[in-house]
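Biologist: Please choose one part of this protein and look at it closely. Then show me how it fits with the rest, in terms a first-year student can follow.

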Amino acid sequence: MLSTPVFQIDTDTKTVISTSQDYGRYDSLLIAVGSRPFVPPFEGLHKNNVHVIRTLDDALDIRDAVKGAGREIVVGGGILGIELAAAMKEVGGEPIVVDNDDRLLPEQLDAQGSSVLAKQLENKGIQVLFGFEGKEITGEEDATGFVSKQGDQIVGDLVVIATGVRSNTIIAKNSGIKFNKAIEVDEHMQTSVEGIFAAGDCMEYNNQWHGIIPWATATARIAAQNMLDFGSAKFESITPSNQLKVAGIDLTSIGVIHPDSPDYEILVSVDTENGKYFKAVLKDDVLVGGISLGSRKIALKLRSLIMKGENISDIKQTLFEDV
Ligand SMILES: Cc1cc2nc3c(=O)[nH]c(=O)nc-3n(C[C@H](O)[C@H](O)[C@H](O)COP(=O)(O)OP(=O)(O)OC[C@H]3O[C@@H](n4cnc5c(N)ncnc54)[C@H](O)[C@@H]3O)c2cc1C
């Protein structure tokens, strides 16, 4: 049933209440309502040519708007923002990516990796501006630029906000189902209400949350198994892995990349000129995380070694050799 938002679940009568007049009865229920774009409270958000990106229609609208724009401002230097800027460049745009942080992709990269990536993007004509704390989208009816809290101004006639997502929790809120930042589930992906499960962007487990497809499919599988045969599957975690390809730049970031204790060993190789950056994080000579920028082969190697979880002391020194 398309175009039929559900807004509440009557957990006593086991009924799903939606905008249609058909109230759906269920024996077992999965909530998989995903997430929505998070938009910081900038002034001037209502102006023409200010967009977010979530759906195909959003993407098509933005593509049309790029055609008439002189310069595009992408707010947010995460995966979505960078991919978007690269796509804009491809269709003839002049994008600038602004971020309040001092680095790109804080979830996937460290400071050194970020500066290698920023340099590569700039070589491809995508400007990157760090430390820009956005305040106001300027212009009368149409957007004409973006001003920071410090008073710096960027001129641009298309603004796309890609500053992250928030889980959809309204159904949980309306139905007495426990939620925090996302809907809370146990290791069976069951919510605080028996017989109601959740999977994907809308749920969190044990303080873990990821807004990526591997998380959605892994949690959905566990939920499905338990909905058919309760207790048959338990969720543990996933090894978060992000693969990004922007204008020909391969970036893969897997597992632990920001280790927080001296028990980890870190190996790094940087070649800014050629846009290459590699990092390996080891614990007791086992690879537990890594970053590969600029080489698909190294990315595959790191991924395979992380999955195997074996002792790699004998190949540590040659880990970043692109063979
Ligand atoms: C532009 C973009 C690019 C992305 N690229 C990648 C990528 O390259 N790799 C990656 O791993 N991840 C990517 N992601 C993230 C990925 O799309 C999500 O993690 C994934 O779609 C989550 O799946 P989901 O089923 O939980 O939610 P969704 O795919 O968001 O599906 C939720 C569905 O629920 C519906 N819904 C919402 N509220 C209600 C309601 N009240 N009643 C009924 N229906 C409702 C929505 O309309 C939607 O159809 C990207 C996301 C975006 C926006």
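Modeller: Two strands pair if DSSP finds at least two bridges between them. With that in hand, start with a small sheet, and keep in mind that the model is predicted. The sheet is open and has three strands in the order S1-S2-S3, with antiparallel pairing. Its edges are strand S1 (6-10) and strand S3 (24-25), each of which pairs on one side only. Strand S2 (residues 15-18) and S3 run antiparallel to each other and are joined over two bridges. One such link can be found by name: Val16 has Gly24 in S3 as its bridge partner.

Now step back to the whole chain. The protein has 22 strands and six helices, and 36% of its 323 residues are buried. Its C-alpha trace spans about 65 × 65 × 30 Å along the principal axes. Of the contacts between residues at least 6 apart in sequence, 56% join residues at least 24 apart.

The chain is split into domain 1 (6-31 + 168-228), domain 2 (50-165) and domain 3 (241-318). The ligand lies between domain 1 and domain 2, because both of these domains give residues to the shell around it. That shell holds 17 residues, and those that come nearest are Val33, Gly34, Gly200, Ile212 and Ile213. By class, 11 residues of the shell are nonpolar, four are polar and two are charged.

Domain 2 also touches domain 3, and their C-alpha centres lie 27 Å apart. The contact takes 15 residues from domain 2 and 16 residues from domain 3. On the domain 2 side, H2 and helix H3 (111-123) each supply at least two residues. The largest share of that side, six residues, comes from H3. The side of domain 2 in this contact has six nonpolar, four polar and five charged residues.

Helix H2 (residues 79-90) allows a simple check of length. Its 12 residues, at 1.5 Å a residue, should span 16 Å, and the end C-alpha atoms are 17 Å apart, so the two values agree. Many names appear in its buried set: Ile79, Leu80, Gly81, Ile82, Leu84, Ala85, Ala86 and Met88. An α-helix has 3.6 residues a turn, so residues three or four places apart point the same way. After H2 comes Gly92, with a positive phi near 95°.

Note on methods
Residues are numbered from 1 along each chain as its sequence is written. This is a predicted model: local features need pLDDT of at least 70, side-chain atom pairs count only at pLDDT 80 or more; totals for chains, interfaces and linings use all residues. A residue is near a molecule or strand if its C-beta atom, placed from the backbone, lies within 6 Å of it. Ala, Val, Leu, Ile, Met, Phe, Trp, Tyr, Cys and Pro count as nonpolar, Asp, Glu, Lys and Arg as charged, and the others, Gly among them, as polar. Domain bounds come from an automatic or database domain assignment. Helices (H or I, at least four residues) and strands (E, at least two) are DSSP runs, numbered from the N terminus. The expected span of a helix is 1.5 Å times one less than its number of residues. A residue is buried if 20 or more other C-beta atoms lie within 10 Å of its own, exposed if 12 or fewer, and partly exposed in between; C-beta atoms are placed from the backbone. Two residues are in contact if their C-beta atoms, placed from the backbone, lie within 7 Å.
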